[in-house]
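The exercises below are meant to be worked through with the sequence and the 3D view open side by side. Try each task before reading its solution.

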Amino acid sequence: MKFLIVLAALCAIALAAPRPDAEIVKQDSDVGPESFEYAYETSDGTKHNEGGQLKDAGTEHEAIVVHGSYSWVDEKTGEHFTVEYVADENGFQPKGSHIPVA
């Protein structure tokens, strides 16, 4: 289960990765033994913030709960998109006004 959460978070990072011609204008991170936070912003308007916390440490239900968001500006239309998400024992759960809801 932990693998799926980490995989989902890495996919989100890859989707929001800055373009090669963009420069990082802000970057922060704080990594601890049971939690982490990081954020970055690029010159093309891309932003990503994420934080994770270890839940139920030392038990058989131990899991990492991740909350975050990423946003970008479509280079063709100039439209701004934002995705907010939670990744936990229930999987990756994205929300955004442009994401269809079942």
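Rings of Phe, Tyr and Trp, the last taken by its six-membered ring, count as a pair if their centres lie within 6.5 Å, and planes under 30 degrees apart make the pair stacked. The structure shown is a predicted model, and the exercises start from its aromatic residues.

**Exercise 1. Aromatic residues**

Task: Find how many aromatic pairs the rule gives, and decide how the rings of phenylalanine 36 and tyrosine 38 are arranged.

Solution:
1. Applied to the structure, the rule yields five aromatic pairs.
2. For phenylalanine 36 and tyrosine 38, the ring centres are 6.5 Å apart and the planes make an angle of 20 degrees, so this pair is stacked.
3. Tryptophan 72 and phenylalanine 81 also form a stacked pair, with 5.3 Å from centre to centre and 20 degrees between the planes.
4. Accessibility can then be added residue by residue: phenylalanine 36 is partly exposed at 22%, tryptophan 72 is partly exposed at 27%, and phenylalanine 81 is buried at 16%.
5. Tryptophan 72 and phenylalanine 81 belong to one aromatic cluster, which is made up of Tyr70, Trp72, Phe81, Tyr85 and Phe92.

**Exercise 2. The fold and its sheet**

Task: Describe the order of helix and strands along the chain, and then work out which strands form the edges of the sheet.

Solution:
1. The protein chain contains one helix and six strands, and along the sequence these follow the pattern α-β-β-β-β-β-β.
2. The six strands make an open sheet in the order E1-E2-E3-E4-E5-E6, and their pairing is antiparallel.
3. E1 and E6 are the edge strands, since each of them pairs on one side only.
4. From one strand to the next, the twist averages 10 degrees.
5. For the chain as a whole, 26% of the 102 residues are buried, while the accessible surface is about 7,000 Å², with 55% of that area belonging to carbon and sulfur atoms.
6. Of the contacts between residues at least 6 apart in sequence, 24% join residues at least 24 apart.

**Exercise 3. The neighbours of strand E3**

Task: Establish how E3 pairs with E2 and with E4, naming a residue couple for each pairing.

Solution:
1. E2 and E3 run antiparallel and pair over seven bridges, and among the residues involved, tyrosine 38 has glutamate 50 in E3 as its bridge partner.
2. These two strands form a hairpin with four residues between them, and glycine 45 in the turn has a positive phi of about 95 degrees.
3. On the E4 side, E3 pairs with strand E4 (residues 63-73) in the antiparallel sense over nine bridges, where leucine 54 stands opposite isoleucine 64 in E4.
4. Serine 69, which also lies in strand E4, is buried, with a relative accessible area of 19%.
5. The contacts of serine 69, leaving aside residues up to four places away in sequence, are Lys47, His48, Asn49, Val83, Glu84 and Tyr85.

**Exercise 4. Two glutamates in loops**

Task: Determine which residue meets glutamate 89 in a salt bridge, and then list what glutamate 34 touches.

Solution:
1. Side chains of opposite charge can pair when their charged atoms come close.
2. A search of the whole structure returns one salt bridge, and in this salt bridge the side chain of glutamate 89 meets that of lysine 55 at 2.8 Å, N to O.
3. Lysine 55 is in strand E3 (residues 47-55), whereas glutamate 89 is in the loop between strand E5 (80-88) and strand E6 (91-95), so the pair ties together parts that are 34 residues apart in sequence.
4. Lysine 55 is partly exposed, at 32% relative accessible area, and glutamate 89 is partly exposed as well, at 30%.
5. Glutamate 34 is found in the loop between strand E1 (24-31) and strand E2 (35-42), and its relative accessibility of 44% makes it partly exposed.
6. Beyond residues up to four places away in sequence, glutamate 34 touches Gly52, Gln53, Leu54 and Ala57.
7. Taking glycine 52 from that list, its C-alpha lies 8.2 Å from the C-alpha of glutamate 34, although the two residues are 18 apart in sequence.

Methods:
Residues numbered from 1 in each chain as written. Predicted model: local features only at pLDDT ≥ 70, side-chain atom pairs only at ≥ 80, totals over all residues. Heavy atoms only, no water. Salt bridge = Lys/Arg side-chain N within 4 Å of Asp/Glu carboxyl O. Buried < 20%, exposed > 50% of the residue type's maximum accessible area, 1.4 Å probe, protein only. Contact = heavy atoms within 4.5 Å. Pairing = 2+ DSSP bridges. Areas by Shrake-Rupley, 256 points an atom, 1.4 Å probe, with all protein chains shown as cover. Axes fitted to C-alpha atoms, helices over the stretch in contact; angles between N-to-C directions. Phe/Tyr/Trp six-rings, centres within 6.5 Å; stacked < 30°, edge-to-face > 60°.
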